Amino acid sequence: MGCAVYVDCFSGASGDMLLGAVLDAGVALEQLRDGLRSLPVGGWTLEAQAARQHGLGGTRARVHLAHEDQPHRGLSEVLRIVRGGALPGGVVERASRVFEALAEVEATIHGTSVEQVEFHEVGAIDAIVDIVGVVFGLHLLGADFAQIQCSGLPMGSGWVRAAHGRLPVPAPATLELVRRSGMPTRAAPGDGETGELTTPTGAALLTVLATFSPAPVLERVSRVGYGFGTREPPWPNAVRLIVGEPARRGSDLQRDRVVEIQTNLDDATPEELGFAMERLLDAGALDVAFSPLQMKKNRPGVLVRVLGRPEDGERLARLVLEHTSALGVRMQAIERLIARRSERSVATPWGEVRVKIKHLGERELVAPEYEDCARVARAAGVPLREVYAAARAAASG
């Protein structure tokens with residue numbers, strides 16, 4: 001298991017602040033640069049500067065651009081850049097999800113489609129380096145991405161200047177990301193107008209990568225990193241990264257948060273339901289289930305229940321409305337407890353099959369992979385139950 005990370009946003013969060021915190025927590029600047037240089041986009045340099053405010057020391061990450069005027073890139077162009085480097089697959093997938101979340105909220109705010117959204121500040125090279133750099137930096141830290149948590153997000157107050165002119169704080173994109181994810185907010189430091197504390201980039205990274213926890217729960221703290229922003233308010237303008245060993249639980253349970261989407265139908269055909277399930281799973285739903293109901297007017301019906309990542313909630317809800325007769329859906333953020341799991345291949349007399357292993361404290365519960373066992377059983381002409389038994393015995397031996 002990797003390390004656990006807690007992001008303490010006592011003064012908000014932005015992409016460059018999070019990148020500075022990752023570097024301050026121990027990621028080697030050259031190693032980070034080398035990975036980011038594989039992206040098919042140039043005209044930038046990254047440096048890390050020592051920073052100190054109000055007696056607190058840390059790192060300020062700065063991305064310098066050869067050309068300040070940046071083109072407005074669409075989501076497809078940004079994803080082409082993110083996916084065009086030589087970064088680990090998990091880094092690419094998570095960074096892509098951050099940009100997709102930003103595109104979805106921008107589409108909602110401006111009344112357009114995700115494909116038509118043009119990123120302004122977020123599509124610039126420095127924002128791409130910040131976002132991909134934070135995800136890659138967490139990977140280099142050895143973070144277990146299921147064990148990344150953060151505090152509530154202080155929004156700030158006042159006005160901020162953006163490509164569309166002056167906008168109220170929090171910026172509409174920041175507010176929409178927080179609303180969709182269910183991430184709590186927290187009080188801003190200081191009194192009076194504070195300016196923007198959590199930026200859209202910072203909100204996107206944290207609502208996609210982290211789950212909320214009011215305080216860090218770690219077995220042991222190993223490293224602490226402070227990433228500073230460019231402003232100098234009457235308090236330390238930094239975000240704090242606390243890195244350590246995850247707290248041991250007797251049952252090895254992990255926590256995460258998902259969105260649950262439900263609707264009741266009394267006129268759905270089996271074909272429509274099957275097709276809707278297929279589309280939802282293809283779109284990234286974590287689970288889709290149907291349960292029988294007795295509805296009004298004595299009609300038999302079905303309960304449609306979809307689980308997804310919080311940032312995917314509205315997109316999945318739209319698919320439910322598109323592919324069923326539902327006029328509305330119920331949505332709520334729920335917390336899950338998940339048993340730690342692993343997977344490995346074992347040898348049976350008829351060939352190798354994969355098994356999933358659920359870890360509950362000192363106990364390990366083995367579940368052979370059905371598709372592998374069925375393939376081996378068909379090829380060897382033996383009953384499926386014999387392959388299952390052999391796989392369990394091999395995994396336990």
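This talk goes through the packing of several helices, two empty spaces and two backbone details in a predicted model.

Let me begin with helix packing. Two packed helices are described by the angle between their axes and the distance between the axes. I shall give both values for each of three pairs, and then the residues that make the contact.

The first pair is H4, residues 89–110, and H7, residues 200–209. Their axes come within 9 Å and cross at roughly 120°. H4 is therefore oblique to H7, and the crossing of the two is right-handed. On the H4 side, the contact is made by Arg94, Arg97, Val98, Ala101 and Leu102. These meet Pro200, Ala204, Leu205, Val208 and Leu209 of H7. By class, this contact holds eight nonpolar residues, two charged ones and no polar ones.

H4 also packs on H5. Here the axes again come within 9 Å, and the crossing angle is roughly 140°. Because of that angle, H4 is oblique to H5. The crossing of H4 with H5 is right-handed. From H4, the residues in contact are Val91, Arg94, Ala95, Val98, Phe99 and Leu102. From H5, they are Ala127, Ile128, Ile131, Val132, Val135, Phe136 and His139. Eleven is the nonpolar count: the contact of H4 with H5 has 11 nonpolar, one polar and one charged residues. One may note that Arg94, Val98 and Leu102 of H4 appear in the contact with H7 and also in the contact with H5.

The third pair is H6 and H7. How are these two helices set, in angle and in distance? They pack at about 15°, with their axes 8 Å apart, so H6 is roughly parallel to H7. The crossing in this pair is left-handed. Ala173, Thr174, Leu177 and Ser181 in H6 meet Pro200, Ala203, Ala204 and Thr207 in H7. The classes here are five nonpolar, three polar and no charged residues. Pro200 and Ala204 of H7 thus take part in the contact with H6, and they are also in the contact with H4.

I turn now to empty space in the model. Rolling a probe the size of a water molecule over the atoms shows where empty space is left. The count comes to three cavities of 30 Å³ or more. The largest cavity has a volume of about 70 Å³. Which residues line the largest cavity? They are Val7, Leu18, Val22, Val134, Leu138, Ile148, Leu205, Leu206, Leu209, Ala210 and Leu241. Helix H1 (15–24), helix H5 (125–141) and H7 each give two or more residues to this lining. The largest share, three residues, comes from H7. By class, the lining has 11 nonpolar residues, with no polar and no charged ones. Two of the H7 residues named for the contact with H4, Leu205 and Leu209, are also among those lining this cavity.

The second largest pocket holds about 660 Å³ of space. It is lined by 27 residues, and the closest to its centre are Arg97, Phe145, Ala146, Asp256 and Arg309. The elements that give two or more residues to the lining are H4, strand E6 (143–150), H7, strand E16 (253–265) and strand E19 (330–348). As to class, the pocket lining has 12 nonpolar, three polar and 12 charged residues. Arg97 of H4, listed here beside the pocket centre, is also one of the residues that meet H7.

Finally, two backbone details. The peptide bond from Val169 to Pro170 is cis, with omega near 0°. Pro170 lies in the loop between strand E10 (165–168) and helix H6 (172–181). The second detail concerns His54, where phi is near 55°, a positive value in a residue other than glycine. His54 is found in the loop between strand E2 (44–53) and strand E3 (56–65).

To close, H7 recurs through this account: H7 packs on H4, packs on H6, and gives residues to the linings of the largest cavity and of the second largest pocket.

Technical notes:
Residues numbered from 1 in each chain as written. Predicted model: local features only at pLDDT ≥ 70, side-chain atom pairs only at ≥ 80, totals over all residues. Heavy atoms only, no water. Axes fitted to C-alpha atoms, helices over the stretch in contact; angles between N-to-C directions. Helix = DSSP H or I, 4+ residues; strand = E, 2+ residues; numbered from the N terminus. Parallel < 35°, antiparallel > 145°, perpendicular 65-115°, else oblique. Left-handed = near helix turned anticlockwise from the far one by under 90°. Contact = heavy atoms within 4.5 Å. Nonpolar A, V, L, I, M, F, W, Y, C, P; charged D, E, K, R; others polar. 1 Å grid on protein atoms, 1.4 Å probe; cavity = no way out; pocket = protein on both sides within 12 Å on 5 of 7 lines; lining within 4 Å. Points joined across faces, edges and corners; volume = space filled by probe spheres on them.
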